[in-house]
Amino acid sequence: MSEQRQKSWFGRNWLWFIPLTGCLGFILLIVLGVGAAFFGVSKIMTSSTPVEYAIEQASKNELVIENLGQPIEKYGIPSGNISLTNDDGNVDFSIPIRGDKGEGTLIVRGIKIDGEWVYEDLYVHIKETQEEINLLEKEKVLETI
């Protein structure tokens, strides 16, 4: 009587196991790459100078504080675009913001000329009342150039 030695699990299943793990690994790599790109771009937009300036102006404005409450904080994902080339660029996006009383959208549009941002539009759209609160300082308006 001869004793037959049984193959291991991998020895019996390697024909489907190797291609399957290769495909799953490739899909996982693509998903992680897209996720990293998305969060990287989102981080660049939310930490840019125009966003920080806009949040600061909204946090100091009495009408915004009266309508939204304090503290004013950004939440959600900003939408729009920002383009920078050396000391020039442009920005056009909206940022969801909220306070303890309500929610709104912070709209930022402007251009960067010789390293300085000049804002065309900078206002808060209050969600509940549909009111728009202008945050521009008169000396930084694009129309004065």
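These legends describe close-up views of a predicted model.

**View 1. The hairpin of β2 and β3.** Strand β2 covers residues 79-85, and strand β3 covers residues 88-98. The two run antiparallel and are joined by seven bridges. Within this pairing, S83 of the model stands opposite N90 in β3. Two residues lie between the strands of the hairpin. N86 sits in the turn, where its phi is positive, at about 55°.

**View 2. β1 against β3.** Strand β1 is made of residues 73-74. It pairs with β3 in the antiparallel sense, over two bridges. Here E73 stands opposite R98 in β3.

**View 3. The hairpin of β3 and β4.** Four residues connect β3 to β4 in a hairpin. The strands run antiparallel, with 10 bridges between them. F93 faces its partner across this pairing: it stands opposite V108 in β4.

**View 4. L106 and its surroundings.** L106 belongs to strand β4, residues 103-113. Is L106 buried or exposed? Its relative accessible area is 0%, below the 20% limit, so L106 is buried. Leaving aside neighbours within four places in sequence, L106 is in contact with A54, I55 and A58. Its contacts also include F93, S94, I95 and I97. L122, Y123, V124 and L135 complete the list. I126 is 20 residues away from L106 along the chain, and their C-alpha atoms are separated by 8.8 Å.

**View 5. The largest nonpolar core.** This core has 22 residues. Which residues have the most contacts inside it? They are V64, I97, L106, V108, L122, V124 and L135. Two helices, α2 (49-60) and α3 (62-68), each supply at least two residues of the core. Strands β3, β4 and β5 (116-126) each do so too.

**View 6. V124 and its contacts.** V124 is among the residues with the most contacts inside the largest nonpolar core. Neighbours within four places in sequence are left aside here. V124 is then in contact with A58, V64 and L68. Its other contacts include I97, T105 and L106. E131, E132, I133 and L135 are in contact with V124 as well. L106 likewise lists V124 among its contacts, together with A58, I97 and L135.

Conventions. Residues numbered from 1 in each chain as written. Predicted model: local features only at pLDDT ≥ 70, side-chain atom pairs only at ≥ 80, totals over all residues. Heavy atoms only, no water. Pairing = 2+ DSSP bridges. Buried < 20%, exposed > 50% of the residue type's maximum accessible area, 1.4 Å probe, protein only. Contact = heavy atoms within 4.5 Å. Core = buried A, V, L, I, M, F, W, Y, C linked by side-chain atoms within 4.5 Å.
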